[in-house]
Amino acid sequence: MKQVCEVSQPRIRIRKEKVQMEAKLKDKDKANAILVSCNTLGVDLVIIGQRRSLSSALLGIKRSGSSGLKAFDTAEYLIENSKCTCVGVQKKGQNAGYLLNTKTQKNFWLLA
């Protein structure tokens, strides 16, 4: 993705970061660590992978844990709480395209 961005927009500086965290952290702690890193680095755009089934995405149902309560979705939290633009990306099948989510556009279908 970085190479594609650099080829298509050579004047824009592209940088990818991987935030290292402890394995025992909860999902909300992971999302907060990503938000802090984004604010520290002055990030303009965050692209994050998102895993949800299509039916739950269309119905707006969150994943439920073993207790039956709504589980925390890291990507959704980042989309709603980041100061910069955040895009959640879900791949749908081998040739089915991608489902994109942002704060203003939910379930935007992209065939690529």
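1. Two strands are taken as paired here when DSSP finds at least two bridges between them. With that in mind, Leu-100 makes a good starting point: its bridge partner in S4 is Phe-108. Please keep in view that this is a predicted model.

2. Now for the overall layout. The chain holds 4 helices and 4 strands. Reading from the N terminus, the elements follow the order α-α-β-α-α-β-β-β.

3. How are the strands arranged in the sheet? The 4 strands make an open sheet in the order S1-S2-S3-S4, and the pairing is mixed. At the edges lie strand S1 (45–49) and strand S4 (108–110), each pairing on one side only. From one strand to the next, the twist averages 30°.

4. The S2–S3 pair deserves a look. Strand S2 covers residues 85–91 and strand S3 covers residues 98–101; they pair in the antiparallel sense over 4 bridges. Within this pair, Val-89 stands opposite Leu-100 in S3, and Lys-91 stands opposite Tyr-98, also in S3.

5. On the turn between them: S2 and S3 form a hairpin with 6 residues in between. Which residue in this turn has a positive phi? That is Gly-93, with a value of about 70°.

6. The next pair is S3 with S4, again antiparallel, over 3 bridges. These two strands also form a hairpin, with 6 residues between them. In its turn, Asn-107 has a positive phi of about 55°. You may like to check the backbone at Asn-107 when you go through the model.

7. Back to Leu-100, which links the two hairpins in this reading: Val-89 stands opposite Leu-100, while Phe-108 is the bridge partner of Leu-100 in S4. As a reminder when viewing the side chains, those of a regular strand alternate between the two faces of the sheet.

8. Some whole-chain figures follow. Of the 112 residues, 26% count as buried. The chain exposes about 8,500 Å², and carbon and sulfur atoms supply 54% of that area.

9. How many of the contacts between residues at least 6 apart in sequence join residues at least 24 apart? The share is 47%.

How values were computed
Residues are numbered from 1 along each chain as its sequence is written. This is a predicted model: local features need pLDDT of at least 70, side-chain atom pairs count only at pLDDT 80 or more; totals for chains, interfaces and linings use all residues. Side-chain values use heavy atoms; hydrogens and water are left out. Buried means under 20% relative accessible area, exposed over 50%, partly exposed in between (1.4 Å probe, protein chains only). Contact means heavy atoms within 4.5 Å. Accessible areas come from the Shrake-Rupley method with a 1.4 Å probe; for residues, only the protein chains shown count as cover. Axes are lines fitted to C-alpha atoms, for helices over the stretch in contact, and angles run from 0 to 180 degrees between N-to-C directions.
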